[in-house]
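Welcome! Open your viewer, get comfortable with the rotate and select tools, and follow along one stop at a time.

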Amino acid sequence: MSTRRIEVVGPGRLDTGDHKIWREIRAASGAPANPFLDPAFTVAVGRVPPRAEVAVLREDGFPVGYFPYERGFAGQGRAVGLGVSDSQGAVLREGVRIDARALLRASALSSWEFDSPEAGQDVFLPHTAEALASPVVDLADGFERCVRALGTGSPGFLKQTLAKERSLARQAGEARFVYDETDPGSLRTLMRWKPAQYRRTVRRDRFAQPWIARLVEGLARGGDPECRGVLSVLRAGGRPVAAHFGLRSPTVLSWWFPAYDRAYGKYSPGLLLLLRILEAADDGIGLVDLGSGPARYKDSFKTRDLRVYEGSVVRPGFGGAVHRLGRAPVRAARRFVRERPGPARAGARVLAELGRLRDR
């Protein structure tokens, strides 16, 4: 009979052997190789203020699973990079079974909150509060087939987008796209555009949180082929008009931080950029994950939806009670909005207009 032990370590204490085993387990699972569930992402988060830790499951001394998380007040845990990560959960070798609350107890956590565990995270599925759709673009059969599918599903959208690209070139100068930009100045431009976009849309400015800005900058400098940042830039007449910083593995690109120069808004530069990214990503990328959350452009580009889940595992006790008091009202409010899309869209239009007035 095998002996199981769980050891909690900082991400920086994982050695190359741990990274190799973690990735082998992920590959054997058959799940898309989303870079947010790669050990390099957990290590990157561990270098910025959130207190990231990893529970390592061992059987007879050999690693059979990894559970990354962030620790907060009263042992409240959350998924690594919660709020900016698009894939979360435990990485467990096939056949390894463990109860979610037992995993939390071994990790000294009172709760664990998540919003994007992929399908197959059976440990946490019983604790989900809501299932969400996460749109993706399949590129396994190549960009040309993807474009044909777009032309069939949204013929007017694709035709109008390409017409705007031609108009941009005529009015502003030759359009030039760089898929993997290395100029740090371009990243600074993106990080200047994005807060302005958050203000216009009356959304929380993620870059106002120093740890997120440092995380992006660190991933931009990283060179791990299994998990690295990719900065893509669209220019017109030599001037940047749209940019996107994403995270990729060898086969999956996660759509993460897009923004554009408002002066070129009539040309829909963000849509042009995404179209060119899909074309350039035809270098081994089989899936572009657009992330959960409603957006009309996602509905136009997607080829299908993945199912992701939102919820939390909560243990009895003080920390669990604190978590319920803090999160239950927020989750109820979100559910109220999702179940009433008409009023939600009207409210979003009002907030967007207020944001534009404030930004003038």
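## The whole chain

Begin with a cartoon view of everything: the protein chain has 11 helices and 13 strands. Keep in mind as you look around that this is a predicted model. Now colour by confidence. The average pLDDT of the protein chain is 88, and 89% of the residues reach at least 70. Next, select residues 347-360, where the pLDDT drops below 50. In the model, this stretch has 14 contacts beyond near neighbours in sequence. Where pLDDT is low, the predicted coordinates should not be read in detail.

Two figures for the chain are handy before zooming in. Of the 360 residues in the protein chain, 49% are buried. Among contacts between residues at least 6 apart in sequence, 75% join residues at least 24 apart.

## Stop one: two helices

Select residues 16-29 for helix α1 and residues 39-46 for helix α2. Two packed helices are described by the angle between their axes and the distance between the axes. Here the angle is about 130 degrees, and the axes are 9 Å apart. That angle makes α1 oblique to α2.

Which residues of α1 and α2 make the contact? Show side chains for H19, W22 and R23 on α1, then for P39, A40, T42 and V43 on α2. Sorted by type, the residues of this contact are four nonpolar, two polar and one charged.

Stay on H19, in helix α1. Is H19 buried or exposed? With a relative accessible area of 16%, H19 is under the 20% cut-off and therefore counts as buried. Apart from neighbours within four places in sequence, H19 is in contact with L14, P39 and V43.

## Stop two: L103 and its partners

Move on to helix α3, residues 100-106, and pick out L103. L103 is buried, and its relative accessible area is 0%. Which residues is L103 in contact with, leaving aside neighbours within four places in sequence? Add I6, L57, F67, I98 and F124 to your selection to see them. For one of these, try a distance label: I6 and L103 are 97 residues apart along the chain, and 8.5 Å separates their C-alpha atoms.

## Stop three: two loops

Now find V123 in the loop between β6 (111-114) and β7 (128-138). V123 is buried, with 15% relative accessible area. Setting aside neighbours within four places in sequence, its contacts are L92, I98 and A100. You met I98 a moment ago as a contact of L103. Label D99 too: V123 and D99 are 24 residues apart in sequence, and 6.5 Å apart from C-alpha to C-alpha.

For the second loop, go to G238, between β9 (228-236) and β10 (239-248). Is G238 buried or exposed? Its relative accessibility is 60%, so G238 counts as exposed. Select G173 as well, and you will find 7.6 Å between the C-alpha atoms of G238 and G173, which are 65 residues apart along the chain.

## Last stop: cysteines

A disulfide is a covalent bond between the sulfur atoms of two cysteines. How many disulfides does the structure hold? The count is zero. To finish, select C146, which is buried with a relative accessible area of 4%. Then select C227, also buried, with a relative accessible area of 4%.

Key:
Residues are numbered from 1 along each chain as its sequence is written. This is a predicted model: local features need pLDDT of at least 70, side-chain atom pairs count only at pLDDT 80 or more; totals for chains, interfaces and linings use all residues. Side-chain values use heavy atoms; hydrogens and water are left out. pLDDT is the predictor's confidence in each residue, from 0 to 100. Contact means heavy atoms within 4.5 Å. Axes are lines fitted to C-alpha atoms, for helices over the stretch in contact, and angles run from 0 to 180 degrees between N-to-C directions. Helices (H or I, at least four residues) and strands (E, at least two) are DSSP runs, numbered from the N terminus. Angles under 35 degrees count as roughly parallel, over 145 as roughly antiparallel, 65 to 115 as roughly perpendicular and the rest as oblique. Ala, Val, Leu, Ile, Met, Phe, Trp, Tyr, Cys and Pro count as nonpolar, Asp, Glu, Lys and Arg as charged, and the others, Gly among them, as polar. A disulfide is a pair of cysteine sulfur atoms within 2.5 Å. Buried means under 20% relative accessible area, exposed over 50%, partly exposed in between (1.4 Å probe, protein chains only).
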